[in-house]
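Open the model in your viewer and colour it by secondary structure. The tour below goes stop by stop, with a selection to make at each one.

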Amino acid sequence: MEPDLLQSMLGSATAGIISRIFTHPLDTAKARLQAQQIKSIKTQSVQRYHGPIDVLRKTARAEGMRGLYRGFGAIFVGGTPGTVIYLSGYEQAKKRLSSRNENQPQSRGMDFLVHFASGMLAETLACVIYVPVDVVKERLQVQRQDAKVKYYGSYDAMKTILRDEGLSGIYKGYAATLVSFGPFSAIYFGLYEIFKDGARIYTGNEVQTSRQSFDQAALTRKELEDLPFPWLMTCSASAGAIASWLTSPLDMAKLRLQLERGQSAATKTNSVGEAGLAYGGMANCLRQAYRDGGMRALFRGAGARVMHFTPATCITMTF
């Protein structure tokens with residue numbers, strides 16, 4: 001890996017961690033909204049939160065700032081190596097996929113497919129780090145005072161999960177996490193590159209993106225300078241907002257499956273938290289959520305997810 005590229009990636013990863021300081025409470029709000037069930041005759045569960053602001057207010061009042069930042073330790077430790085693997089994986093995948101047809105003219109549709117596939121491959125690699133981080137973070141974020149197994153921080157959560165569930169307890173959610181994060185990354189990078197191409201045309205900075213950009217690392221200073229900084233931020237923020245919204249149902253199902261595994265390990269049953277339900281996989285979880293609350297239930301927490309990911313992806317990709 002080129003030194004300039006590595007330096008840029010480390011800078012982006014560090015900027016991403018810094019952005020988390022401001023956006024992590026929104027991620028906590030998203031997790032708590034997704035974890036709860038709407039009240040119904042079948043589930044007899046209670047909707048305690050009525051939106052991101054309501055979550056933030058109630059959590060701060062009941063648990064203080066510490067409640068809003070549950071799981072931040074896991075992000076702080078795993079965020080930098082995870083982001084470096086993620087960004088370098090994307091660049092290498094994009095370079096290799098594009099080089100297969102380097103002697104053929106590349107259409108915009110093919111460009112999108114290359115970016116889409118590269119995002120999926122990058123997420124596949126990065127999930128080696130992201131899955132343990134995500135499992136620890138989300139179990140802490142939704143932990144209730146009456147939890148059967150109580151974690152006292154990120155390190156304690158990791159140690160307890162490994163002790164009670166083994167390594168499979170950490171990585172059992174790999175597939176669900178990949179199904180959630182993979183489409184997000186694929187859609188994000190696909191849209192990000194399209195938006196950048198459109199911005200280049202609009203600002204008069206159009207370059208040959210098909211062949212030339214694939215021969216250089218996307219995060220090098222040279223490529224970043226071909227668009228004004230405000231346009232780069234706009235492209236990244238827009239792509240992050242759209243991708244996070246579209247994939248919110250997958251993220252919700254992933255979170256509920258991860259929580260179910262933790263509670264099942266604690267009680268040695270297949271029951272799930274408040275709802276008393278056992279999910280038979282991601283598709284089954286999505287069906288149950290839709291049956292109990294329609295499209296609104298599938299997109300529960302989507303607003304908080306958008307508010308969290310939009311600045312987080314923007315800062316990570318542009319700094």
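In which helix is the place of Lys254? Select Lys254 and you land in helix α10. What you are looking at is a predicted model.

**Stop 1: Lys254 and its partners**

Keep Lys254 selected and show its side chain. Lys254 is buried, and its relative accessible area is 0%. Now add Asp134. The side chains of Asp134 and Lys254 form a salt bridge, at 2.6 Å from N to O. This pair ties together distant parts of the chain: Asp134 sits in helix α4 (residues 108–141) and Lys254 in helix α10 (residues 248–267), 120 residues apart. Is Asp134 buried or exposed? Asp134 counts as buried because its relative accessibility is 5%, below the 20% limit for that class.

Next, add Glu138 and Asp251. The side chain of Lys254 makes a polar contact of 2.7 Å with that of Glu138, and another of 3.1 Å with that of Asp251. To see what else surrounds this lysine, leave out its neighbours within four places in sequence. Lys254 is then in contact with Asp134, Glu138, Ala176, Thr177, Ser180, Phe181 and Met282.

A general point applies here: side chains of opposite charge can pair when their charged atoms come close.

**Stop 2: along helix α7**

Select residues 174–203, which make up helix α7. Show Glu193 and Lys196 first. Lys196 forms a salt bridge with Glu193, and their closest N and O atoms are 3.7 Å apart. The two lie three residues apart in α7, about one turn of the helix, and both are buried.

Then show Asp197 and Arg200. These two also form a salt bridge, with the closest N and O atoms 2.8 Å apart. How far apart along helix α7 are Arg200 and Asp197? Arg200 and Asp197 are three residues apart, so about one helical turn separates them. Arg200 has a relative accessible area of 2% and is buried; Asp197, at 10%, counts as buried as well.

From here, widen the selection to Arg20, Asp27, Lys30, Asp134, Lys137, Glu138, Asp251, Lys254 and Arg305. These residues are joined into one network by salt bridges that share partners. In total, the structure holds 21 salt bridges.

**Stop 3: α7 against α12**

Keep α7 and add residues 302–318, helix α12. For views of this kind, two packed helices are described by the angle between their axes and the distance between the axes. Helices α7 and α12 pack at an angle of about 55°, and their axes are 13 Å apart. The two helices are therefore oblique to each other. The crossing in which α7 passes α12 is right-handed.

Which residues make the contact? On the α7 side they are Ser180, Phe181, Phe184, Tyr188, Phe189 and Tyr192. On the α12 side they are Arg305, Phe309, Thr313 and Met317.

**Stop 4: α9 against α12**

Hide α7, leave α12 on, and add residues 229–246, helix α9. Helices α9 and α12 pack at an angle of about 145°, with their axes 8 Å apart. Here too the crossing is right-handed. The residues of α9 that meet α12 include Phe229, Leu232, Met233, Gly240 and Trp245. Among those of α12 that meet α9 are Ala302, Arg305, Val306, Phe309, Thr313 and Met317.

**Stop 5: Leu121**

Go back to helix α4 and select Leu121, which has its place there. Is Leu121 buried or partly exposed? Leu121 is partly exposed, with a relative accessible area of 42%. Add Tyr90 and draw a distance between the C-alpha atoms. The C-alpha atoms of Leu121 and Tyr90 are separated by 7.0 Å, although the residues are 31 apart along the chain. With neighbours within four places in sequence set aside, Leu121 is in contact with Ala93 and Leu97.

**Last stop: the whole chain**

Clear the selection and show the full ribbon. The chain has 12 helices and zero strands. Of its 319 residues, 54% are buried. Among contacts with a separation of 6 or more, 78% are between residues 24 or more positions apart.

Key: Residues numbered from 1 in each chain as written. Predicted model: local features only at pLDDT ≥ 70, side-chain atom pairs only at ≥ 80, totals over all residues. Heavy atoms only, no water. Salt bridge = Lys/Arg side-chain N within 4 Å of Asp/Glu carboxyl O. Helix = DSSP H or I, 4+ residues; strand = E, 2+ residues; numbered from the N terminus. Buried < 20%, exposed > 50% of the residue type's maximum accessible area, 1.4 Å probe, protein only. Polar contact = N/O pair within 3.5 Å; in protein donor to acceptor, adjacent residues only side chain to side chain. Contact = heavy atoms within 4.5 Å. Axes fitted to C-alpha atoms, helices over the stretch in contact; angles between N-to-C directions. Parallel < 35°, antiparallel > 145°, perpendicular 65-115°, else oblique. Left-handed = near helix turned anticlockwise from the far one by under 90°.
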